[in-house]
Amino acid sequence: MLLLNMFIYRYILISFLIIFFSTNYSFSEDKNFNEWLLELEKEAIERGISKRTFTLAMENVVLIEKVKKLDKKQPEKVITFNDYYERTVNKRRIEIGKNKYSLHKNEILDIANKYGVQARFILAIWGVETNYGTYTGSFSVISSLTTLAFNGRRANFFRLQLLDALKILDEGHIELSNMKGSWAGAMGQSQFMPSSYLEYAQDYDNDGKKDIWSNHLDVFASIAFYLKSHGWDNTKTWGRQVLVPKEILDSYKENYSNEETLKFWSDKGIKNIDGKQLPYLNLNANLILPDGPQGNAFLVYNNFYKIKKYNASTYYALSIGMLSDRIKN
Ligand SMILES: [Ca+2]
């Protein structure tokens with residue numbers, strides 16, 4: 001009788017657990033997942049991550065249904081640059097950017113100077129990535145990355161990111177419960193993936209922690225160091241919006257290489273967006289037509305391609321450049 005009661009209680013308990021976890025967890029994955037975790041643990045320990053950190057991080061890990069869905073989602077339908085720009089660089093974001101500049105002026109100018117990246121670009125990236133640190137993502141980085149590493153479309157990539165995230169925990173920069181990010185593991189106010197964090201995150205205030213989640217000095221320095229490490233030149237800007245004569249638009253793709261200068265384009269009749277002459281300089285400048293000949297036109301310099309190292313989207317890099325101009329003015 002006692003045995004039967006115990007059996008019933010266990011059955012009830014297991015049913016309860018299945019119902020409780022079923023939103024995030026499929027029990028058919030159970031066996032595979034445990035084997036996978038054992039392998040991961042072995043690799044983590046080989047990489048010098050302590051068993052204690054691994055156990056603490058992974059004991060309550062969950063596979064997140066929402067992350068699986070987002071991973072399978074098709075890319076958004078194609079939008080024009082103007083649509084993207086309206087979403088990304090609205091009036092409010094420009095105003096907040098200017099206010100943040102005033103608020104943090106001395107600190108951000110010190111950081112701009114130390115790393116060699118103009119303050120307005122640091123602010124623009126901070127503004128677009130996380131709305132100046134206010135939308136940093138609320139997913140557990142460890143659970144998101146585990147979900148993507150266990151059965152995502154780019155499992156190998158995310159497995160390495162997960163191992164890097166464990167290393168960050170092991171180094172003590174952030175508590176597990178505060179290690180939050182986007183569904184795909186981009187972390188904190190600068191939205192660094194764990195591998196970028198390990199290479200570029202900075203402890204600017206020297207408190208022993210590279211805190212891109214809640215320390216704005218570390219955030220500014222980390223963004224600046226990322227750009228500088230990719231070859232940023234703070235004696236130059238990113239580029240400019242331009243007016244292009246019809247003959248050039250008609251023949252753009254066939255006739256021009258990507259190695260021309262401002263002088264060259266000025267001679268071809270390209271003007272600044274306000275109708276003024278371009279600076280007559282030997283500065284390399286590439287003509288970019290993000291939506292083809294009918295849309296906006298830009299001449300971009302080397303720094304533009306450094307912004308693309310942060311996020312490979314052309315719309316993104318143009319928006320960062322334009323937001324930085326609006327913050328400056
Ligand atoms: Ca710090």
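Helix axes here are lines fitted to C-alpha atoms, over the stretch in contact, and the angle between two of them runs from 0 to 180 degrees between N-to-C directions. Keep in mind that this is a predicted model.

Q: How many helices and strands are there in the chain?
A: Let's start with the parts list. Along the chain you'll find helices, 16 of them, plus strands, which number six.

Q: Are α9 and α10 roughly parallel or roughly antiparallel to each other?
A: Look at α9 (residues 141-151) and α10 (residues 155-170): their axes come within 7 Å and cross at roughly 150 degrees. Angles over 145 degrees count as roughly antiparallel. So the pair, α9 and α10, is roughly antiparallel.

Q: Which kind of residue, nonpolar, polar or charged, do the residues of the contact of α9 with α10 include nine of?
A: On the α9 side the contact uses V141, I142, L145, T146, L148, A149 and N151, while α10 brings A155, F158, R159, Q161, L162 and A165. Sort those residues and you get one charged, three polar and nine nonpolar. The kind with nine is nonpolar.

Q: What does I111 touch, not counting residues up to four places away in sequence?
A: I111 belongs to the largest nonpolar core, which has 78 residues, and is among those that touch the most other members. Leaving out residues up to four places away in sequence, I111 touches I122, Y204, F220, A221 and A224.

Q: What percentage of the residues in the chain is buried?
A: A residue counts as buried if 20 or more other C-beta atoms lie within 10 Å of its own. Across the 329 residues in the chain, the buried share is 36%.

Key: Residues numbered from 1 in each chain as written. Predicted model: local features only at pLDDT ≥ 70, side-chain atom pairs only at ≥ 80, totals over all residues. Helix = DSSP H or I, 4+ residues; strand = E, 2+ residues; numbered from the N terminus. Parallel < 35°, antiparallel > 145°, perpendicular 65-115°, else oblique. Contact = placed C-beta atoms within 7 Å. Nonpolar A, V, L, I, M, F, W, Y, C, P; charged D, E, K, R; others polar. Core = buried A, V, L, I, M, F, W, Y, C linked by C-beta atoms within 7 Å. Buried ≥ 20, exposed ≤ 12 C-beta atoms within 10 Å, placed from the backbone.
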